[in-house]
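Please walk through the structure below with its sequence at hand. The paragraphs that follow take up ring pairs, overall composition, sheets and confidence in turn.

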Amino acid sequence: MTEIVKGGNLPVPGQVWRIAVVRRAAGDGVPEVDASALLLDADGRVRGDGDLVFYNQPAHTSGAVRLLGQVRDEEQRVADWLEIDTARVEPAVQRIVITASSEDGTFGQVPGLHIRTTSAATGEQLALYEVDDASTETAFLLGEFYRRDGAWKFRAVGQGYDSGLVGLATDFGIVGRDPEPAPGDEPAPEDEPAPEGEPALPEAIPEELLAKVREAEAGAAAPARARVPAQRPARVGPQSDIELFGEDFPEFVRSGKGTTTITVDVPIPAGYVLVDSTRKGDGYFGVDSLDEKGECDVLLANTTLEDHEGRGLLRHDGRNPLRLRVNAYGSEWTIAVRPVSTVEELGRGARGRGADVLLYTGPAALLSSRLHTRFGHAYFHVQGNEPDGRDHLLANVASRIPRDARPLPEGPLLVQVKSAEGEWSLEVRPPKENRFWRRASR
């Protein structure tokens with residue numbers, strides 16, 4: 001491991017990196033500290049609120065940057081862990097800055113603050129930067145990953161701010177908003193006791209935590225309703241809302257066992273496509289679409305849960321046959337590729353279990369979402385997709401009782417529940433003012 005000073009930099013090979021923001025645990029005059037990351041363009045600005053990864057939004061929509069969780073050790077140290085997959089960073093993003101902030105005090109009250117970068121594949125520690133000059137700051141830009149001559153580098157920054165996370169983020173183009181809770185808004189029941197026997201977060205190096213969070217993020221328990229063929233004839237005349245997303249085609253169903261690559265041998269026009277998957281048994285199960293080079297393109301299923309059944313969504317170019325890679329390691333599975341005309345409508349709300357896709361055709365509103373899970377710490381992600389490919393983050397929560405409320409754009413919109421370990425509910429409500437900066441209960 002290389003210890004670097006403020007302003008020092010090192011080359012970063014292209015791979016997945018884990019970053020720990022380490023400090024003394026809160027208590028006895030030491031304030032709580034939160035880690036976050038901002039994805040910046042060539043002008044050093046975010047492209048929107050979605051480019052801030054923090055406690056209320058713990059994963060970027062690209063999947064390139066994630067806030068994984070927090071661990072503690074026996075020496076009263078605590079670390080927030082982030083993960084950066086440089087291969088998945090969008091070309092428009094030139095820098096990823098790693099920050100720390102406190103709402104309860106200054107960093108002069110936080111002993112042992114440092115940032116450590118390690119390889120996710122090997123555990124090798126690349127760089128360590130210790131902050132030794134903190135005083136009245138309430139936020140710190142600790143370090144950054146940045147592009148240089150087609151490659152990635154890491155630099156220790158150590159720039160302090162007296163305006164907290166809101167002020168720091170505002171400097172990079174995010175407008176802070178922190179209104180009071182709206183009357184009648186139901187508070188998140190974070191004080192509910194955890195069910196007996198729920199697993200606790202590990203207190204050691206976070207490999208178990210990372211595996212659990214990834215499983216929670218990408219896995220899905222068995223959906224409440226079975227997938228059945230539901231072909232619709234082509235319409236004559238003006239397009240319906242669902243026809244804006246893709247034309248009908250004959251469904252494709254294939255069953256098998258173990259790991260293989262499937263070529264879908266029915267003609268699929270350009271547009272959105274549903275991929276339903278079922279697997280009996282346990283162990284790892286994954287489904288990916290493949291690009292022209294045979295590399296993974298869209299992750300459609302990724303779980304170790306028993307008896308998986310879920311629905312994924314992808315946007316097909318219509319030029320080449322659709323190819324899917326199934327990783328099942330001896331388990332029996334069934335894959336069904338179906339047109340989007342088979343989705344059900346969201347309406348004013350819906351309930352389900354596992355990954356699913358719904359159609360929303362109403363006006364702009366607020367989407368309240370909640371995941372009912374038996375796990376102690378789970379991840380819940382909901383995304384909206386427009387016919388032209390634009391997407392909207394509708395829920396992105398990692399907590400003991402995952403729930404969220406975000407603006408729902410005017411339809412038509414394909415609403416995709418991408419990760420759920422349990423039963424979930426969605427409710428469409430009249431729009432309210434966004435509360436992006438309100439801190440969730442610790």
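Five aromatic pairs turn up when the whole structure is searched. One of them joins Phe54 and Tyr55, whose ring centres lie 4.8 Å apart with 50° between the planes, a tilted arrangement. Phe54 and Tyr55 are both buried. The model is a predicted one, and side-chain atom pairs count only where pLDDT is 80 or more.

Strands make up most of the list of elements: the protein chain has 29 strands and two helices. Of its 442 residues, 53% are buried. The accessible surface of the protein chain is about 20100 Å², and carbon and sulfur atoms contribute 47% of that area. Contacts can also be sorted by distance along the sequence. Among contacts in the protein chain with a separation of 6 or more, 75% link residues that are 24 or more positions apart.

Next come the sheets. One open sheet has four strands in the order 13-20-15-18, with antiparallel pairing. Its edges are strand 13 (252-257) and strand 18 (308-316), each of which pairs on one side only. From one strand to the next, the twist in this sheet averages 20°. Within the sheet, eight bridges connect strand 15 (residues 271-280) with strand 20 (residues 332-339), and the two strands run antiparallel. To find this pairing in the model, look at Leu274, which stands opposite Arg338 of strand 20. In a regular strand, side chains alternate between the two faces of the sheet.

Strand 19 offers another place to follow the pairing. Which strands does strand 19 pair with in the antiparallel sense, over four bridges in each case? One is strand 14 (residues 260-263), joined by four bridges to strand 19 (residues 323-327). Here Thr263 has Arg323 of strand 19 as its bridge partner. Strand 16 (residues 285-290) also pairs with strand 19 in the antiparallel sense, again over four bridges. In that pairing, Gly286 has Asn327 of strand 19 as its bridge partner.

Further along the chain is another open sheet of four strands, in the order 22-29-24-27, and its pairing is antiparallel. Strand 22 (349-353) and strand 27 (403-408) are the edge strands, each pairing on one side only. The twist here averages 15° from one strand to the next. Strand 27 is joined to strand 24 (residues 365-372) by six bridges, and these two strands run antiparallel. Leu367 marks the pairing, as it stands opposite Arg406 in strand 27.

How far can each part of the model be relied on, in terms of pLDDT? For the protein chain, the mean pLDDT is 80, and 80% of the residues reach 70 or more. Confidence is highest in strand 23 (residues 356-360), at 95, and lowest in helix 2 (residues 207-218), at a mean of 43. Over residues 177-238, pLDDT stays under 50. For that stretch, the model nevertheless has 137 contacts beyond four places in sequence.

Methods:
Residues are numbered from 1 along each chain as its sequence is written. Side-chain values use heavy atoms; hydrogens and water are left out. Two strands pair if DSSP finds at least two bridges between them. Axes are lines fitted to C-alpha atoms, for helices over the stretch in contact, and angles run from 0 to 180 degrees between N-to-C directions. pLDDT is the predictor's confidence in each residue, from 0 to 100. Contact means heavy atoms within 4.5 Å. Buried means under 20% relative accessible area, exposed over 50%, partly exposed in between (1.4 Å probe, protein chains only). Accessible areas come from the Shrake-Rupley method with a 1.4 Å probe; for residues, only the protein chains shown count as cover. Rings of Phe, Tyr and Trp (its six-membered ring) pair if their centres lie within 6.5 Å; planes under 30 degrees apart count as stacked, over 60 as edge-to-face and the rest as tilted.
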